[in-house]
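Biologist: I would like a close look at one part of this model, the place where the two chains meet, and at what surrounds that place. Could you take me through it in one connected account?

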Amino acid sequence: MVKLKVGITGHTQGLGAAFAEYFKEEEVHGFSRRNGWDLYNESSCNALIQNMENFDIFINNAPVGKYQECLFEGVLSNWLGQDKTIINVSSIAADITPGMMTVWEEHLRPEAEDKVGAGRTGEELIQYVREYVKSKRRLDKLTNVRTLEVGLQHENKPHILNLKPAATATELLGNNVFLNTLLDVEDFMSVFDTAWKMRDQVKLTNLTFIGTRPNPNK
Amino acid sequence: MQNLKVAITGHTRGIGAAFATYFKDCEVHGFSKSNGWDLFREESLKALIHNIKDFDVLINSAPIGINQLKLFDSVFELWEGKDKSIINISSIGGDMDAKIIKDFQDYYVEKLDGGENAHFPSVLDLEHYITNKVNLDKSSSSKVLDTNLRQKGLPYILNLKSGAVDTEFLHAGPSNLMKHYLTVDEFMKVFDTVWKLKDTARITSITFLGNNEVNGLW
């Protein structure tokens, strides 16, 4: 059987590494800083988009801000109408509206200042979350539009799957103080596995999910 | 699961009827026009909300315009912090925003043939339908975030946002907008999978499309 060719950004840690393990029987190619792919710049993104042309699956996992959108848009435009799959690792944070963010900053600031996440000060953490939310919100909107377009005009091809987990226990999470519950990486992958195995019958395109494990930092 | 008390709006047809079958071992109560519950009317809606206190699960299925949102908001308020479940039958239309609606207008104006029995006799009707689903989704996603921050994620809220499903509703209107559809069985398989995963990961919103070609069927 011909192996699927799978491209994963941020493949060396957290969810990216879990995806690399999940597809270990296929031909997996990783794109991370550690192997020279700093995707925080346009030329690297363009090079990666070119590289993806003969791949079957693109896992757009690395949280590289606006470049995550560029990668999605670039790979999608090359793959329109083809039987391939793009998986965006987004976040439930995409559902936070600007109004909610303002209210929440008031609510979260004391906690954020009390406990520090991922080596940041409280104010830095708030700033990081603000930018992170904006970036995921943009990715989410773009994905929704493109999913509708692909569904209406391109025979649902490629299959776009947007995964929007709540806090997942990876290195990135640090001492997350925001949510009451967490997903672990296995829980995340079990949701993905479910969606993946259903794809011939039903195409899941957007999944928001929350863990059930108590957050030890709360 | 046998001991659950389940309320289903629009329980006599389509997806609502499939939920009644799914929960047949539970105590199911249906609320539809055919048994005197015209939920487009405020007094019926208020009576249902008054009745809902000791239920465990609400399947908010009937497409009753803005009253579907009112029902969700009111039941959420009554059930906040309680180990109960609200399942909203929304639509992929909920992923649209004003800009997407405008962008797609030419497409659906061309495709929509209306007709006196159609659920969407005019573009305005379709836009109202989409707007109601967008608002239901927004309300739902903000409550999901809020309950997870403050209330340990209870009640469990699940928004099911499918593409076209093969029910009477599809035949009567939007069929030629879509290229693919889901059968009711496929819809319920997605729900069953999500429902069984809820102790590991709580999927709070799921968008999904069918693989069956509409072409020439209706």
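Modeller: What follows goes from the contact between the chains to the sheet, then to one residue within a strand, and lastly to the packing of helices. Please keep in mind throughout that this is a predicted model.

The contact takes 35 residues from chain A and 31 residues from chain B. On the side of chain B that touches chain A, at least two residues each are supplied by α4 (98-111), α5 (123-150), α7 and β7 (201-210) of chain B, and the largest share, 10 residues, comes from β7(B). By class, the residues of that side of chain B divide into 12 nonpolar, 13 polar and six charged.

Strand β7(B) also pairs across the contact, since β7 (residues 202-211) of chain A runs alongside β7(B) in the antiparallel sense, over nine bridges. Within this pairing, I206(B) in β7(B) stands opposite L207(A). The two strands take their places in an open sheet of 12 strands with mixed pairing, whose order is β2(A)-β1(A)-β3(A)-β4(A)-β5(A)-β7(A)-β7(B)-β5(B)-β4(B)-β3(B)-β1(B)-β2(B). At the edges stand β2 (27-31) of chain A and β2 (27-31) of chain B, each with a single partner strand, so one side of each is left without a neighbour in the sheet. From one strand to the next, the twist averages 15°. Elsewhere in the sheet, strand β3 (residues 57-60) of chain A pairs with strand β4 (residues 85-89) of chain A in the parallel sense over four bridges, and the bridge partner of I57(A) in β4(A) is T85(A). Helix α7(B) packs on the sheet, where α7(B) touches β7 of chain A as well as β5 (156-162) and β7 of chain B, and the direction of α7(B) makes about 165° with that of β7(B).

A single residue gives a more local view of strand β7 of chain B, in which T207(B) lies. T207(B) counts as buried because it has 28 C-beta neighbours inside 10 Å, where 20 or more are needed. Leaving aside neighbours within four places in sequence, T207(B) is in contact with T205(A) and N206(A), and also with I92(B), D95(B) and K161(B). T207(B) and Y181(B), which are 26 residues apart in sequence, are 13 Å apart in space, C-alpha to C-alpha.

Helix α7(B) (residues 184-197) has a helical partner too, for its axis and that of helix α1 (residues 14-22) of chain B come within 10 Å and cross at roughly 55°. That angle makes α1(B) oblique to α7(B), and α1(B) passes α7(B) in a right-handed crossing. The contact is made by G14(B), I15(B), A18(B) and Y22(B) of α1(B) with V184(B), F187(B) and M188(B) of α7(B); these residues divide into six nonpolar, one polar and no charged.

Another helix pair, in chain A, can be set beside this. The axes of α2 (residues 42-51) and α3 (residues 66-79) of chain A come within 9 Å and cross at roughly 30°, which makes α2(A) roughly parallel to α3(A). The crossing of α2(A) past α3(A) is right-handed. From α2(A), C45(A), L48(A) and I49(A) meet Y67(A), C70(A), L71(A), G74(A), V75(A) and N78(A) of α3(A), and by class this contact has seven nonpolar, two polar and no charged residues.

Terms used. Residues numbered from 1 in each chain as written. Chains lettered and ligands numbered in written order. Predicted model: local features only at pLDDT ≥ 70, side-chain atom pairs only at ≥ 80, totals over all residues. Axes fitted to C-alpha atoms, helices over the stretch in contact; angles between N-to-C directions. Parallel < 35°, antiparallel > 145°, perpendicular 65-115°, else oblique. Left-handed = near helix turned anticlockwise from the far one by under 90°. Contact = placed C-beta atoms within 7 Å. Nonpolar A, V, L, I, M, F, W, Y, C, P; charged D, E, K, R; others polar. Pairing = 2+ DSSP bridges. Buried ≥ 20, exposed ≤ 12 C-beta atoms within 10 Å, placed from the backbone.
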